[in-house]
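Me: I am a first-year student and would like a close look at a single part of this model. Please explain one group of charged side chains with care, and then show the surroundings in which that group is set.

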Amino acid sequence: MARGSNHLSLDAKGRMSIPTRHRDALRGESEGALVVTISPSDRCLLLYRLEDWEQVERKLTALPTLNAQTRQLKRMLIGHADDCVMDSSGRILLPPQLREFAGIDRKAVLVGQGDKYEIWDEAHWVAQRDSMLSVELDESALPAELESLSF
């Protein structure tokens, strides 16, 4: 389960060290094979275990290509997807074009989202978090599935 957030530094080559507590979960069945792609809704990256990404990719490729929104989503998610492997030190290399998209230079934040992680530029994450915290939650806009959730 991908949860929590961690502030991280990238080295000069663009490698990011995965926190120890997340390494085993990310290694999963595919021995550390991961997929990183861009988020279609935010200036961040999405990091999936290969087996989880393959499920997402199957669903995306099954969508009709005559729909403009579907084509755009496929181009964004699949077209920017890049395979990466966690090395023996727990590091992954974030490709330069993906780092550029997300504005990630040296400081990043890894944010768990249950089935995947988001990777944000640290300054963008802090601004996004502060913006989310400054807006009152509109409970009427929540999906019906969340009506019984309490926190």
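Reply: In this predicted model, the side chains of R49 and D52 meet in a salt bridge, with nitrogen and oxygen 2.9 Å apart. R49 also meets E51 through its side chain, and in that salt bridge the N to O distance is 3.2 Å. R49, E51 and D52 are thus linked in a network of salt bridges. The structure holds 6 salt bridges.

How buried or exposed are the members of this network? The relative accessible area of E51 is 13%, so E51 is buried, the cut-off being under 20%. D52 has 17% relative accessibility and therefore also counts as buried. R49, at 24% relative accessibility, counts as partly exposed, because partly exposed covers the range between the buried limit of 20% and the exposed limit of 50%.

The network can next be placed among the helices and strands. R49 lies in strand β4, which covers residues 45–49, while E51 and D52 are among the buried residues of helix α2. The other buried residues of α2 are W53 and L60. Helix α2 runs over residues 50–61 and has 12 residues. From its first C-alpha to its last, α2 reaches 16 Å, close to the 16 Å expected at 1.5 Å a residue. The cover over the buried residues of α2 includes β3 (33–38), β4 and α3 (68–77).

Helix α3 offers a contrast in the setting of a charged residue. K74 is found in α3. K74 is buried yet has no salt bridge, and the nearest side chain of opposite charge, that of E57, is 10 Å away. A salt bridge requires a nitrogen and an oxygen within 4 Å. Apart from neighbours within four places in sequence, K74 is in contact with L60, T61, L63, T65 and G79. L60, one of these contacts, is also one of the buried residues of α2.

Strand β4 leads from the network into the sheet. The open sheet has 6 strands in the order β1-β7-β8-β4-β3-β5, and the pairing is antiparallel. At the edges stand β1 (5–9) and β5 (82–85), each with a single partner strand, so one side of each is left without a neighbour in the sheet. From one strand to the next, the twist averages 30 degrees. In general, the strands of a sheet pair through backbone hydrogen bonds, in either a parallel or an antiparallel manner.

Within this order, β4 and β8 run antiparallel and are joined by 3 bridges. L45 has I119 of β8 as its bridge partner. On another side of the pairing, 5 bridges join β7 to β8, again in the antiparallel sense, and I119 of β8 is the bridge partner of L110 as well. In the hairpin of β7 and β8, 4 residues stand between the strands, and G114 takes a positive phi near 85 degrees. Strand β7 (residues 107–112) also pairs with β1 over 5 bridges in the antiparallel sense; there, S5 has V111 of β7 as its bridge partner.

How much of β8 is covered? Strand β8 is mostly covered, with 5 of its 5 residues buried. Y117, I119 and D121 point one way from β8, whereas E118 and W120 point the other way, and all are buried.

Helix α5 lies across β1, β7 and β8 (117–121) and runs at about 105 degrees to β8. H124 has its place in α5, which spans residues 122–134. With a relative accessible area of 39%, H124 is partly exposed. When neighbours within four places in sequence are left aside, H124 is in contact with A102 and G103. H124 and A102 are 22 residues apart in sequence, and their C-alpha atoms are 8.7 Å apart in space.

A further salt bridge joins R129 and D130, whose closest N and O atoms are 3.2 Å apart. R129 is partly exposed, with a relative accessible area of 31%, and D130, at 39% relative accessibility, counts as partly exposed. To return to the starting point, the network of R49, E51 and D52 includes two residues that count as buried, E51 and D52.

Definitions and conventions
Residues are numbered from 1 along each chain as its sequence is written. This is a predicted model: local features need pLDDT of at least 70, side-chain atom pairs count only at pLDDT 80 or more; totals for chains, interfaces and linings use all residues. Side-chain values use heavy atoms; hydrogens and water are left out. Helices (H or I, at least four residues) and strands (E, at least two) are DSSP runs, numbered from the N terminus. Buried means under 20% relative accessible area, exposed over 50%, partly exposed in between (1.4 Å probe, protein chains only). Contact means heavy atoms within 4.5 Å. The expected span of a helix is 1.5 Å times one less than its number of residues. Two strands pair if DSSP finds at least two bridges between them. Axes are lines fitted to C-alpha atoms, for helices over the stretch in contact, and angles run from 0 to 180 degrees between N-to-C directions. Lys and Arg count as positive and Asp and Glu as negative; His and the chain ends are not counted.
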